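Biologist: Please take a close look at one part of this model and then work outward from there. I would like plain statements that I can check against the coordinates on my screen.

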Amino acid sequence: MTKKILIYTLLIIASLTFLYPFYWMVVASLAPESEIGSLTFLPSSFSWHSYTQMFSKIPIGKAFFNSMITATITTIGVITFSSMVGYALAKMEFRGRKAIFYIIIFTMTLPFQITLIPNYITMVKLGLVDTYAALILPFMLNAFAILMFRQAFMTIPQALIDAARIDGCSEIRIIFQVLFPNIIPTIVTVGILSFMNSWNEVLWPLIVIRDESLMTMPQMVTLFSVGGRSEAQLGVKLAAAVVLALPIMIAYGFFQKYFIQSMASSGIKE
Amino acid sequence: MKKKWLPYLLVSPYIIHFIVFVAFPVLFSLVLTFHEWNIISPMKFKGFSNYIKMFNDRMFWKSITNTFMFLIIHIPLQIVVSLALAEFLNQNIKLKGFFRAAFFLPVIVSGVVVTILWQQLFGFDSGLFNRMLVSVGLSKVGWLTDPNIAMGSIAIMATWKNVGLYVILFLVGLQTVPTHYYEAASIEGASHWQKFRKITLPMINPTIFMVVILSTIGGFSLFIEPYIMTGGGPLSSTMSSVLYIYKQAFQYFHMGYSVTLGFFFAMLILGVVVIQKKYIEQGDD
């Protein structure tokens with residue numbers, strides 16, 4: 001019994017360690033600037049001051065829009081293209097299938113540090129610096145998603161595909177209309193991972209976007225907090241961090257189980 | 001066979017993507033390592049001068065040492081904390097879902113948010129940690145201002161951010177251990193610690209190595225944390241290799257040199273991961 005109490009105590013302390021900083025961040029962003037330095041639980045009063053300051057200093061609304069567009073198109077792209085490739089690898093016979101499979105495995109182990117700068121140069125030469133395309137194209141397909149879809153399609157009985165072919169379905173319709181309803185968990189997993197990775201990506205936007213009106217949220221918040229514009233105003237910085245964290249946290253609130261499963265499966269794959 | 005071209009059509013987006021964003025950049029970077037270039041003016045062939053410069057570049061080697069310093073603190077801490085929490089959660093606990101969700105929250109949030117938040121916690125005068133130290137009568141610590149401590153502080157923060165993910169991976173690992181092993185050990189009169197040492201640890205070895213490899217790759221990617229918190233300082237003690245490569249390219253516009261560093265660094269990462277994997281395979285026998 002004492003052992004159980006000890007374990008619960010440790011687990012509660014641990015969860016406070018993970019939750020309290022976020023609580024502090026939200027409360028501090030709503031506290032008067034002068035109190036943030038000594039704040040532990042509740043300020044003397046709440047105000048939106050830090051938020052109004054932030055909205056007047058940086059175009060955070062535009063950045064939110066840019067991040068939404070980028071993450072949404074990237075996610076749709078990853079699901080569409082990776083499922084097509086995964087289907088071909090799982091259910092079709094063609095020369096070079098093995099080779100493509102090994103190339104995909106190989107790209108998964110290739111560190112991004114090798115392609116980072118050359119990819120920037122490609123963007124410069126294609127004239128794509130400061131465009132949405134630069135934010136989206138490099139992430140439109142990924143090896144992990146292809147392997148997930150390949151695995152999902154391999155579990156589908158061939159009879160289902162044959163029946164659809166006899167009915168005269170094209171392969172594209174087979175993938176998206178006949179098979180997609182059968183692999184919803186995989187679509188959700190790939191969707192959550194793509195959206196979250198795109199939403200949180202910051203190094204690549206820092207490299208390819210210079211025009212403020214095209215910046216994504218993490219990039220905008222980063223440049224704001226390292227640059228001079230926050231003028232050491234803690235509350236404003238924290239408000240920006242809250243606005244950046246909120247959409248993913250809300251999504252996490254609704255789809256918590258899927259988030260955990262998706263991330264765990266991506267860990268186990270590698 | 002009808003429509004022989006169809007599978008090729010389906011895989012063509014991947015082929016194009018692979019050529020443009022993987023194959024070409026890798027080959028092109030190999031060419032670039034022998035050139036000097038700032039993108040605007042024509043490339044200049046420089047032979048091995050980039051490589052010679054790299055081997056004499058003390059800042060680059062310092063960034064690699066810094067990265068290894070980070071890993072030496074981060075990896076053991078990550079394993080001990082996540083394994084302990086997973087072991088607790090695996091004990092028939094109520095509210096398991098709540099605890100798991102709480103631990104996992106930092107994993108899904110952007111590194112930018114976590115860094116801004118911890119920058120305040122680490123603050124010298126009004127940061128939460130120093131206020132706690134002062135309140136129990138200890139002296140303040142220069143979490144981000146002391147060159148001997150700053151990288152350790154970042155390693156602690158990175159551990160906090162990722163623990164939730166590794167708790168889940170360890171939980172999956174722990175559930176693969178057959179319960180009758182423990183029952184048999186209990187009959188023999190083994191203590192909890194003995195069971196953990198003799199049964200649990202050997203059984204979840206594969207998970208431990210997976211965590212080592214994932215944290216290693218994560219550690220080698222360290223960028224946004226020092227970029228926001230310290231800019232690589234104090235005294236370059238938190239200059240990570242990715243940050244240094246970024247600075248070479250976008251502060252000094254040494255594209256050829258920056259690509260050389262990236263190329264070498266990627267080979268180093270591959271080397272470390274291959275050695276770790278070899279070690280795992282030997283450990284499995």
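Modeller: T122(A) counts as buried, because its relative accessibility is 10% and the cut-off for buried is under 20%. The model is a predicted one, and the values that follow are computed from it. T122(A) sits in helix α5 of chain A, which runs over residues 116-125. Leaving aside residues up to four places away in sequence, T122(A) touches V20(B) and F24(B). Both of those partners belong to chain B, so the contact between the chains is the next thing to describe.

That contact takes 90 residues from chain A and 81 residues from chain B. Between them the two chains bury about 7,600 Å², and carbon and sulfur atoms account for 81% of that area. On the chain A side, L11(A), F18(A) and Q113(A) supply more than any other three residues, and their share of what chain A buries against chain B is 9%. Polar pairing across the interface comes to 10 residue pairs in polar contact, counting pairs with both residues at pLDDT 80 or more, while salt bridges between chain A and chain B number 0. Helix α1 of chain A, residues 2-29, gives the most to the side of chain A that touches chain B, with 17 residues. By class, that side of chain A divides into 65 nonpolar, 16 polar and 9 charged residues.

Chain A also has an internal contact, between two assigned domains: domain 1 covers 1-47 and domain 2 covers 58-269. Taken over C-alpha atoms, the centres of these domains are 33 Å apart. In this contact 8 residues of domain 1 of chain A meet 11 residues of domain 2 of chain A. The area buried between the domains is about 650 Å², with 82% of it from carbon and sulfur atoms. M25(A), S29(A) and E33(A) supply 63% of what domain 1 of chain A buries against domain 2 of chain A, more than any other three residues. The count of salt bridges between the two domains is 0, and the count of residue pairs in polar contact, both at pLDDT 80 or more, is also 0. The side of domain 1 of chain A that touches domain 2 of chain A consists of 6 nonpolar, 1 polar and 1 charged residues.

Side chains of opposite charge can pair when their charged atoms come close. Over all chains the count is 5 salt bridges. Among them is the pair R165(A) and D162(A), at 3.9 Å from N to O. These two residues lie 3 residues apart, about one turn, in helix α8 of chain A, residues 158-166. R165(A) also forms a salt bridge with E171(A), where the closest N and O atoms are 2.6 Å apart. D162(A), R165(A) and E171(A) are thus linked in a network of salt bridges. Within this network E171(A) counts as buried because its relative accessibility is 10%, R165(A) is partly exposed at 27%, and D162(A) is partly exposed at 33%.

In chain B, the side chains of E36(B) and K44(B) meet in a salt bridge at 3.8 Å, N to O. E36(B) counts as partly exposed because its relative accessibility is 41%. K44(B), at 48%, also counts as partly exposed, because the class of exposed begins over 50%.

Note on methods:
Residues are numbered from 1 along each chain as its sequence is written. Chains are lettered from A and ligands numbered from 1 in the order in which they are written. This is a predicted model: local features need pLDDT of at least 70, side-chain atom pairs count only at pLDDT 80 or more; totals for chains, interfaces and linings use all residues. Side-chain values use heavy atoms; hydrogens and water are left out. Domain bounds come from an automatic or database domain assignment. Contact means heavy atoms within 4.5 Å. Buried area is the accessible area (1.4 Å probe) that two parts lose on being put together, summed over both. A salt bridge is a side-chain nitrogen of Lys or Arg within 4 Å of a carboxyl oxygen of Asp or Glu. A polar contact is a pair of N or O atoms within 3.5 Å; within protein, one must be able to donate a hydrogen and the other to accept it, and residues adjacent in sequence count only if both atoms are side-chain atoms. Ala, Val, Leu, Ile, Met, Phe, Trp, Tyr, Cys and Pro count as nonpolar, Asp, Glu, Lys and Arg as charged, and the others, Gly among them, as polar. Helices (H or I, at least four residues) and strands (E, at least two) are DSSP runs, numbered from the N terminus. Buried means under 20% relative accessible area, exposed over 50%, partly exposed in between (1.4 Å probe, protein chains only).
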